[in-house]
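Thank you all for coming; I would like to take you through one structure this morning, moving from one local feature to the next. Please keep the sequence and the model in view while I speak.

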Amino acid sequence: MATHRKPRQRSLGGGKARTAATIALAGAATATAFDGTGYAEPQLSTAQVKAKVDKLYEEAEVATEKYNGAKEKAGKAAERLDTLQDEAARKEERLNSARAALGSIAASQYRSGGLDPALQLALSDDPDQYLEGAALAERAGDRQASAVERVRQQLREIEQLRGAAHVELASLKSRQAELKRHKKTINGKLDAARQLLGRLSEKERAQAVGAGDSGDRASRSSDRDLTQLPSSGSVAAPNSRAATAVSYAYAKLGSPYVWGATGPDAFDCSGLTQAAYRAAGIALPRTTYAQINAGRRVSRSELAPGDLVFFYSGISHVGIYVGDGQMIHAPNPSAPVRLAPIDEMPFAGATRVA
């Protein structure tokens, strides 16, 4: 009798399984390397963290100022669109009135039976009066037709303008959405910077973000002399409007920085300067790029309290000079409105608007 041997089964842990496991492990290792959890990030120094954070804040302000400008243009476009729509409605009302008048004339002619003019003349009791009336009606009809055509032309023009305004507004909204996406990207970078800052001690973090207590020490009272600044050098403002703007800025020390805010309780950099000069009766443009051209350029050596001081090559930050080499500005989301030296950022220029 032949011996029956049980056939040897292939092991599930054979070559194919080992290969799959190897690939899986390699993939896991690769994924770990890419998501950053498989190795320790190099420890950054306080100076390196500060450099990264400063760069991120600069990029964020560039995006914010562009957003502010697009928002301002979109608002103006919306106002123009409303004006065009109102004008179109008025023209349509006038056109409807003209049409109603023409309808009355047509109904009158229909009621007269549409008799041949020669026959009406023959049957008329007063031929002279008929001829005079017919000529008057003809002239009135010509004038009415001309009036209708003028109104129709006006309506066509206003419709064209309204269409153009719609296109402009759609374009600006598209730009605004693009800027919002850009700002979202910047906020992601800022989140990463905040994580880096979170690894530092409180003292190191204060050094990295440039946080000082000069803004906290400064008085927030608005009852100060408007022609004399509360600084160690008691530098006089050149005029009452500049002094009012500076006084407003001092009164807002400690207010939070918020993207796109123009007060009264929160500000971005150009929002603070705009609000300060609004309090002084001067209307400034919304963005740093426009504000630098809103007055007379002055050199650094000519700076006087109330002058607008601008920073970075892209003119993306602005503050209000208050004397003694100091300014009040809304720095970034990590710090409120505060007093700071103008040397803490790359100086780009200055403008006197009052």
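**A walk through the model**

Let me start with Pro264, which is found in the loop between H7 and H8. Before going further I should say that what you see is a predicted model, and that everything I report has been computed from it. The peptide bond that joins Gly263 and Pro264 is cis, with omega at about 5°. As general background, most peptide bonds are trans, and most residues other than glycine have a negative phi; I will come back to the second half of that remark.

The loop that holds Pro264 also holds Lys252, placed between helix H7, residues 240–251, and helix H8, residues 269–279. Which side chain of opposite charge is nearest to Lys252, and how far away is it? The answer is Asp265, at 5.1 Å, and Lys252, although buried, has no salt bridge. A salt bridge here requires a side-chain nitrogen of Lys or Arg within 4 Å of a carboxyl oxygen of Asp or Glu, which is why a separation of 5.1 Å does not qualify. What the side chain of Lys252 does have is a polar atom 2.9 Å from the backbone oxygen of Pro264, the residue that follows the cis bond from Gly263.

Moving on along the chain, H8 is mostly covered, with nine of its 11 residues buried; among them are Cys269, Leu272, Gln274 and Tyr277. After H8 comes Gly281, with a positive phi near 85°.

Now to the charged pairs. How many salt bridges does the structure hold? There are four, and I will describe some of them. In one, Arg286 pairs with Asp268, and the closest N and O atoms are 3.0 Å apart. This pair links distant parts of the chain, since Arg286 sits in the loop between H8 and helix H9, residues 288–291, while Asp268 sits in the loop between H7 and H8, and 18 residues separate them. Both partners fall under the 20% cut-off for burial, because Arg286 has a relative accessibility of 7% and Asp268 one of 0%.

In another of the salt bridges, Arg300 pairs with Asp343, the closest N and O atoms being 2.0 Å apart. Arg300 lies in the loop between strand E1, 296–298, and strand E2, 308–311, and Asp343 lies in the loop between E5 and strand E6, 347–352, so the pair ties together parts that are 43 residues apart in sequence. Is this pair of residues buried or exposed? Arg300 counts as partly exposed, at 38% relative accessibility, and Asp343 counts as exposed, at 58%.

A further salt bridge is made by the side chains of Asp307 and Arg352, at 2.9 Å from N to O. Asp307 belongs to the loop between E1 and E2 and Arg352 to strand E6, so this pair ties together parts that are 45 residues apart in sequence. Asp307 counts as buried, with a relative accessibility of 1%.

Let me turn to the strands. Strand E3, residues 317–323, and strand E4, residues 326–329, pair in the antiparallel sense over three bridges, and within this pairing the bridge partner of Ile320 is Ile328 in E4. E4 is also joined to strand E5, residues 338–341, by four bridges, and these two strands run antiparallel; in this pairing Gln326 stands opposite Pro341 in E5.

This brings me back to phi. The hairpin of E3 and E4 has two residues between the strands, and there Asp324 takes a positive phi near 55°, although Asp324 is not a glycine. Asp324 counts as partly exposed, at 36% relative accessibility. Ile315, found in the loop between E2 and E3, is another residue other than glycine with a positive phi, near 50°; at 16% relative accessibility, Ile315 counts as buried.

Finally, a word on open space. The second largest pocket holds about 270 Å³. Its lining is made up of 16 residues, of which Asp54, Tyr312, Asn332, Glu344 and Met345 lie nearest its centre. Which element gives the most to that lining? It is helix H2, residues 46–111, with five residues.

Technical notes: Residues are numbered from 1 along each chain as its sequence is written. This is a predicted model: local features need pLDDT of at least 70, side-chain atom pairs count only at pLDDT 80 or more; totals for chains, interfaces and linings use all residues. Side-chain values use heavy atoms; hydrogens and water are left out. Two strands pair if DSSP finds at least two bridges between them. Buried means under 20% relative accessible area, exposed over 50%, partly exposed in between (1.4 Å probe, protein chains only). Lys and Arg count as positive and Asp and Glu as negative; His and the chain ends are not counted. A polar contact is a pair of N or O atoms within 3.5 Å; within protein, one must be able to donate a hydrogen and the other to accept it, and residues adjacent in sequence count only if both atoms are side-chain atoms. On a 1 Å grid over the protein atoms alone, a cavity is a set of points where a 1.4 Å probe fits but cannot get out, and a pocket is an open set with protein on both sides within 12 Å along at least five of seven lines; lining residues have an atom within 4 Å of a point. Grid points are joined across faces, edges and corners, and a volume is the space filled by probe spheres set on the points.
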